[in-house]
Structure formats: C-alpha cells, structure tokens
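Take a look at the chain below. We will walk through it one piece at a time, from the surface to the interior and back out.

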Amino acid sequence: RPDWGFENWFRNEKLSGGCMLDLQAHNIDLMNWYFGMPKYVSTVAVERHDGEGYESISANHIYDNGFYVHSWCDWGFPVNYHAVRSMRVNFENGYIYNERASERNTLVAVDNDGTVTDLTDTVIMNNSTARNEIEYFANCIKTNQIPRMNKPEESKKAVRIIRAQEASAKMNGAPVEIKED
C-alpha cells in the first residue's frame, strides 16, 4: 500500500481516488488497450478498515459474446515482499503470459501442445512501467510530439469504468453497464 506520498495523500481516497484510481486504473488501461471498452463490469471489493475506500478489488469486465477479462488489485498488505503483476490471456490455441516481479520479468506465448515462445524484450521488461511511461512523455515534450499513447480521452474511459466498478461493488457485484458519454 502506498505510504510514500506527501502527508500520505495516496491513502486519502478523497485526494487520490484510492486503490481503484491508483492500481486498478493501470489494469483498466491495459485491458482497454488490448480489448477495447467492456459493455459491463461486475466488481466485488473489500473496504479498508478505516472506511477510507477499498483495499482489495476483484473485477470482471464483460465484452460481447461472453468474453470477459478479470482483474484484481490489493492494498491490503502493509509490506509486500512479493509484489508482482501478472497477466494471462487465453486464446483458442494457447495463451500469453506476462509477469513482472522484482526477481523475474517475462513474456511468453504457450501453445496448446506445450511449445513455449519467449517474447521478452529485456530493455522494456527490465525498466519499470512507470519509468517507461515517464520517458515516453518526456520524449514527446522534448521532440514536441503529441502523445500517441495514453491520451486524455483514454484516461476518461478508464475513469468511467472505475466509476462503474465502484457502483457494482456497492451492489455486491451486480453488473453495471458502461455508458457512453
């Protein structure tokens, strides 16, 4: 859980948006990039012991044809020695698995026959995603280019999904439709 911000502002949901805007926003950004906007979300969440927002969020993002993506994030541990971000995307003939951890960064494709193809780009995987993002934006400013990734309208979509997740969590996981503006 983030205890490093000025006067602990991350932990104040009114200032930071809480766990959903701090962690879940990154999951949503990736899901939107890969799959587009979901039609519905169904979210369950555990409230923090101090009542200041959610500590753990588990969400399903439901798309057309029964396709769904699951995401989870958690602020529940005061010290997290095993911080990891992993992602698995299942396809008809195999899956792609990505894991980012302090001791291991990997991206592989696994076919149904068990063939594993290493897709890891060590330059990208060995930098933190935050560092990559900051370097990208700094380079856009330096070269006077309009960013192609993470445009404000994409952030707006992520916030719309987070608000739907919050509504679903308040209704114990009932599906909430993602409404267009």
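**A walk through the fold**

Start with leucine 15, which is exposed, with a relative accessible area of 56%. Exposed here means over 50%. Leucine 15 sits in helix α1, which covers residues 13-16. It also has partners: Phe6, Trp9 and Leu15 make a nonpolar surface patch of about 360 Å². Keep in mind that this is a predicted model.

Now step back to the whole chain. It has 5 helices and 8 strands. Follow the sequence and the pattern reads α-α-β-β-β-β-β-β-β-α-α-α-β. The chain has 181 residues, and 32% of them count as buried. Its accessible surface is about 12000 Å². Carbon and sulfur atoms own 54% of that surface. What share of the contacts with a separation of 6 or more joins residues 24 or more positions apart? The share is 45%.

Next, find the sheet. Four strands build an open sheet, in the order β3-β2-β1-β8, and the pairing is antiparallel. Which strands stand at the edges? They are β3 (68-74) and β8 (176-177). Each has a single partner strand, so one side of each has no neighbour in the sheet. Strands of a sheet pair through backbone hydrogen bonds.

Look at the pairs in turn. β1 and β2 are antiparallel and share 8 bridges. Strand β1, residues 40-47, is joined to β8 by 2 bridges, also antiparallel. Valine 41 is a good residue to follow here. Its bridge partner in β2 is histidine 61. Its bridge partner in β8 is valine 176.

Follow that link to histidine 61. This residue lies in strand β2, which spans residues 54-62. Is histidine 61 buried or exposed? It is buried, because its relative accessible area is 1%, and the cut-off for buried is under 20%. Its side chain makes a polar contact with the side chain of serine 71, at 3.5 Å. Leaving aside neighbours within four places in sequence, histidine 61 is in contact with a long list of residues. Among them are Gln24, Ile28, Met31, Tyr40, Val41, Phe67, Val69, Ile161 and Gln165.

Serine 168 is another buried residue, with a relative accessible area of 0%. It belongs to helix α5, residues 152-170. What does its side chain reach? One target is the backbone nitrogen of threonine 43, at 2.8 Å. Another is the backbone oxygen of alanine 174, at 2.7 Å. Beyond residues up to four places away in sequence, serine 168 touches Val41, Ser42, Thr43, Gly173, Ala174 and Val176. Valine 41 turns up again in this list, just as it does among the contacts of histidine 61.

Finally, turn to charge. How many salt bridges does a search of the whole structure find? It finds 3.

In one of them, aspartate 64 pairs with lysine 39, with the closest N and O atoms 3.4 Å apart. Aspartate 64 lies in the loop between β2 and β3, while lysine 39 lies in the loop between α2 (18-35) and β1, so the pair ties together parts that are 25 residues apart in sequence. Aspartate 64 is partly exposed, at 45% relative accessibility. Lysine 39 is partly exposed too, at 43%.

Helix α5 holds another pair, lysine 157 and glutamate 154. Their closest N and O atoms are 3.4 Å apart. The two residues are 3 places apart in the helix, so about one helical turn separates them. Lysine 157 is partly exposed, at 28% relative accessible area. Glutamate 154 is also partly exposed, at 28%.

Glutamate 166 and arginine 163 form a salt bridge as well, with the closest N and O atoms 2.8 Å apart. Both lie in helix α5, 3 residues apart, about one turn of the helix. Which of these two is buried? Glutamate 166 is, with a relative accessible area of 12%. Arginine 163 is partly exposed, at 41%.

Methods:
Residues numbered from 1 in each chain as written. Predicted model: local features only at pLDDT ≥ 70, side-chain atom pairs only at ≥ 80, totals over all residues. Heavy atoms only, no water. Buried < 20%, exposed > 50% of the residue type's maximum accessible area, 1.4 Å probe, protein only. Polar contact = N/O pair within 3.5 Å; in protein donor to acceptor, adjacent residues only side chain to side chain. Contact = heavy atoms within 4.5 Å. Patch = residues over 30% accessible without salt bridge, like charges linked within 9 Å, V, L, I, M, F, W, Y side chains within 5 Å. Areas by Shrake-Rupley, 256 points an atom, 1.4 Å probe, with all protein chains shown as cover. Salt bridge = Lys/Arg side-chain N within 4 Å of Asp/Glu carboxyl O. Pairing = 2+ DSSP bridges.
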